[in-house]
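Student: I am new to this structure and would like a close look at a single part of it. Please take the salt bridges and the strands that carry them, and then go on to what lies around them.

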Amino acid sequence: TAGGALNLIKNQGLLPGKRVILSGRGPLLFSTAAQIKKHGAAITAFCHPRIQWSWGIKQAWRIFGQWGRVQESLEILQQLLPAKMPVFWDWAIKRVEGNHEYQITLSETASPGNSANNQDLVLTGDTIITSDGFLPNNRLSRLLGCPHEYQKDLGGWVPIRNEYFESTIPGIFIIGDMAGIR
């Protein structure tokens, strides 16, 4: 997840991968993309599902007085614009296949009153980073077939993993908010 990737980069000095696909929503995903580019990894794709503009407009007043955050956001966008990374607005991960080298199938998301074109796009990468705000984001671990268990103290359904953060599927490590929110 974006939180786990930022932790690896900022606190450990480690990149989560060399060819990264980012998918989801929220400011943390943009910050993660900027850090990944800054430290030399390639972003294969940046996927963002459909934005609910009506919700965004209703929430816009919340930025009033948060000028430091607004400036930080603008600086992140300024770092990302020259990166020329492939951005897929209104697309989300549909399927993930592979082991260490992943083949990710993206599907265009539909909006109310407008159906998607039903065409899929297939990309490859060695790392997938997701973000869904501050909820346990277990969509990717479910797509990979990882078993889950309900843990109320971690915010709901989370993937089962060992003390080394490895899921029950060898080679699949789960960190960040995908493993629960504390």
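**Salt bridges and the strands that carry them**

Tutor: In this predicted model, K94 and D120 form a salt bridge through their side chains, with N and O 3.0 Å apart. The two residues belong to distant parts of the chain: K94 sits in strand β4 and D120 in strand β6, 26 residues apart. K94 is partly exposed because its relative accessibility is 39%, and exposed would require over 50%. D120, with a relative accessible area of 38%, is partly exposed as well.

The strands β4 and β6 belong to an open sheet of three strands, ordered β4-β5-β6 and paired antiparallel. β4 (91–99) and β6 (120–125) are its edge strands, and each of them pairs on one side only. From one strand to the next the twist averages 25 degrees. Eight antiparallel bridges pair β4 with strand β5, which covers residues 101–108. Within that pairing, A92 of β4 has S107 of β5 opposite.

The count of salt bridges comes to two. The other pair is R19 with E101, where the closest N and O atoms are 2.3 Å apart. R19 lies in strand β1 and E101 in strand β5, so this salt bridge ties together parts that are 82 residues apart in sequence. R19 is partly exposed, its relative accessible area being 30%. E101 is also partly exposed, at 37%.

R19 leads to another sheet. This one is open and has four strands in the order β3-β2-β1-β7, with parallel pairing. Its edges are β3 (87–89) and β7 (127–132); each has a single partner strand, so one side of each is left without a neighbour in the sheet. Neighbouring strands here are turned against each other by 15 degrees on average, direction ignored. Strand β1 (residues 19–25) runs parallel to strand β2 (residues 42–48), and five bridges join them. L22 of β1 faces F46 of β2 in this pairing.

Next comes what lies around β7. Helix α1 (2–12) has A2, G4, A5, L6 and I9 among its buried residues. The elements that cover the buried residues of α1 include α2 (27–38) and β7. After α1 comes G13, which has a positive phi near 70 degrees. T1 is placed in the segment before α1. T1 counts as buried because its relative accessible area is 8%, and buried means under 20%. Beyond its neighbours within four places in sequence, T1 is in contact with I129, T130, I175, G176, D177 and M178.

Two further parts complete the picture. Strands β8 (residues 148–151) and β9 run antiparallel and are joined by four bridges. Y150 has W157 in β9 as its bridge partner. The two strands form a hairpin with four residues between them, and G155 in the turn has a positive phi of about 100 degrees. In the segment after β9 (156–159) lies F173. F173 counts as exposed because its relative accessibility is 52%. Together with Y164 and F165, F173 makes a nonpolar surface patch of about 380 Å².

Definitions and conventions. Residues numbered from 1 in each chain as written. Predicted model: local features only at pLDDT ≥ 70, side-chain atom pairs only at ≥ 80, totals over all residues. Heavy atoms only, no water. Patch = residues over 30% accessible without salt bridge, like charges linked within 9 Å, V, L, I, M, F, W, Y side chains within 5 Å. Areas by Shrake-Rupley, 256 points an atom, 1.4 Å probe, with all protein chains shown as cover. Salt bridge = Lys/Arg side-chain N within 4 Å of Asp/Glu carboxyl O. Buried < 20%, exposed > 50% of the residue type's maximum accessible area, 1.4 Å probe, protein only. Pairing = 2+ DSSP bridges. Axes fitted to C-alpha atoms, helices over the stretch in contact; angles between N-to-C directions. Contact = heavy atoms within 4.5 Å.
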